[in-house]
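I opened this entry to look up how the interior is packed and where empty space is left. I begin with the pockets and work inward from there.

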Amino acid sequence: MFNLILFGPPGSGKGTQAEKLIEKYKLVHISTGNLLRAEIEAKTPLGLEAKSIMANGKLVSDEIVIGMISKKFDENPHAGGFIFDGFPRTIAQAEALDKMMQEKKYRLNRVLSMEVSEQELVKRLLNRGKTSDRADDKNEDVIRKRIKEYWDKTFPVAGYYEQQNKLSGIEGEGSIDDIFNRLTTAIELQTNKV
Ligand code: B4P
């Protein structure tokens, strides 16, 4: 069992790198952003609640997000490990994840924190907004609100994992392949996973 968290601000490359990491390490990918967008697409009650919150650059409630994670765990009892992308985003979510992992006797191996300047984040997200149908990538004010939510509510989660000695900072600017190499080097150095 091998479990990783990909951590970082919006646009730092979590989703992009998660796709490559799951292929290399055969992990189950849990992206709360993707799960929420699927609920919106299916017009479920949860999706209807999340839609305007996300379009405004705010975080969806801890209760909703923790419930989605718990369901994903139950749906994948034979997973070789999980990669969490965009979760946890608050201390309450991090504590809930610790509790769920303990109950299942799983261990969190590493938290990889992608470090990217705000200027680059805004550039990447506006760029994605030109081609994707994501409402939260279309408007610079919303993008800056998401980055503010990150500093206010999510950044403290890095300290939570630093105290547990599980945090690795990764330079998140450069080519996608170079960043992937930095991530795999950190994983293999810190966890002896080959
Ligand atoms: P997410 O879906 O998690 O999206 P994100 O943080 O905006 O993007 P991500 O970081 O994965 O994007 P990537 O860099 O890969 O969250 C969306 C919303 O959902 C949140 O605002 C919140 O409302 C809600 N939500 C999700 N999880 C939640 C939770 N746990 N609790 C509460 N609310 C939650 O990609 C960005 C762009 O950069 C792409 O176009 C990509 O191609 C490009 N890019 C990537 N790497 C690059 C590189 N090296 N160089 C140049 N461009 C690059």
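Entry 1, second largest pocket. I sorted its lining by class and found four nonpolar, no polar and six charged residues. The model is a predicted one, and I read every entry here with that in mind. The lining consists of R37, I40, E41, K51, M54, A55, D133, R134, A135 and D136, with α2 and α3 each supplying at least two of its residues. For the volume of this second largest pocket I noted about 290 Å³.

Entry 2, largest pocket. I then turned to the largest pocket, which holds about 860 Å³ of space and is lined by 44 residues, with P10, G11, K14, R128 and R134 lying nearest its centre. R134 is thus listed in the lining of the second largest pocket as well as in that of the largest one. When I looked up which elements contribute, I found that α1 (14-25), β2, α2, α6 (118-131), α7 and α8 (176-191) each give at least two residues to this lining. By class, the lining of the largest pocket divides into 12 nonpolar, 19 polar and 13 charged residues.

Entry 3, enclosed space. How many cavities of 30 Å³ or more are there? I counted one, and the largest cavity has a volume of about 50 Å³. Its lining is made of L6, F7, G8, K14, G86, F87, P88, R89 and T154, which I classed as four nonpolar, three polar and two charged residues. K14 lines this cavity and is also among the residues nearest the centre of the largest pocket.

Entry 4, nonpolar cores. The largest nonpolar core has 29 residues, and I5, F73, F84, L97 and Y161 have the most contacts inside it. At least two residues of this core come from each of β1 (4-7), α3 (45-55), α4 (62-75), β3 (82-85), α5 (91-104) and α7 (140-163). I followed Y161 outward and, leaving aside residues up to four places away in sequence, found that Y161 touches I5, P88, A94, L97, L108, V111, K166 and L167. A second, separate core has 17 residues, including L4, A18, L21 and I22.

Entry 5, helix α4. I checked the length of α4 and found that its 14 residues reach 20 Å from the first C-alpha to the last, close to the 20 Å expected at 1.5 Å a residue. Which residues of α4 are buried? I listed I64, V65, M68, I69 and F73, and the elements covering the buried residues of α4 include β2 (28-31), α2 (32-41), α3, β3 and α5.

How values were computed: Residues are numbered from 1 along each chain as its sequence is written. This is a predicted model: local features need pLDDT of at least 70, side-chain atom pairs count only at pLDDT 80 or more; totals for chains, interfaces and linings use all residues. Side-chain values use heavy atoms; hydrogens and water are left out. A nonpolar core is a set of buried Ala, Val, Leu, Ile, Met, Phe, Trp, Tyr and Cys residues joined through side-chain atoms within 4.5 Å. Buried means under 20% relative accessible area, exposed over 50%, partly exposed in between (1.4 Å probe, protein chains only). Helices (H or I, at least four residues) and strands (E, at least two) are DSSP runs, numbered from the N terminus. Contact means heavy atoms within 4.5 Å. On a 1 Å grid over the protein atoms alone, a cavity is a set of points where a 1.4 Å probe fits but cannot get out, and a pocket is an open set with protein on both sides within 12 Å along at least five of seven lines; lining residues have an atom within 4 Å of a point. Grid points are joined across faces, edges and corners, and a volume is the space filled by probe spheres set on the points. Ala, Val, Leu, Ile, Met, Phe, Trp, Tyr, Cys and Pro count as nonpolar, Asp, Glu, Lys and Arg as charged, and the others, Gly among them, as polar. The expected span of a helix is 1.5 Å times one less than its number of residues.
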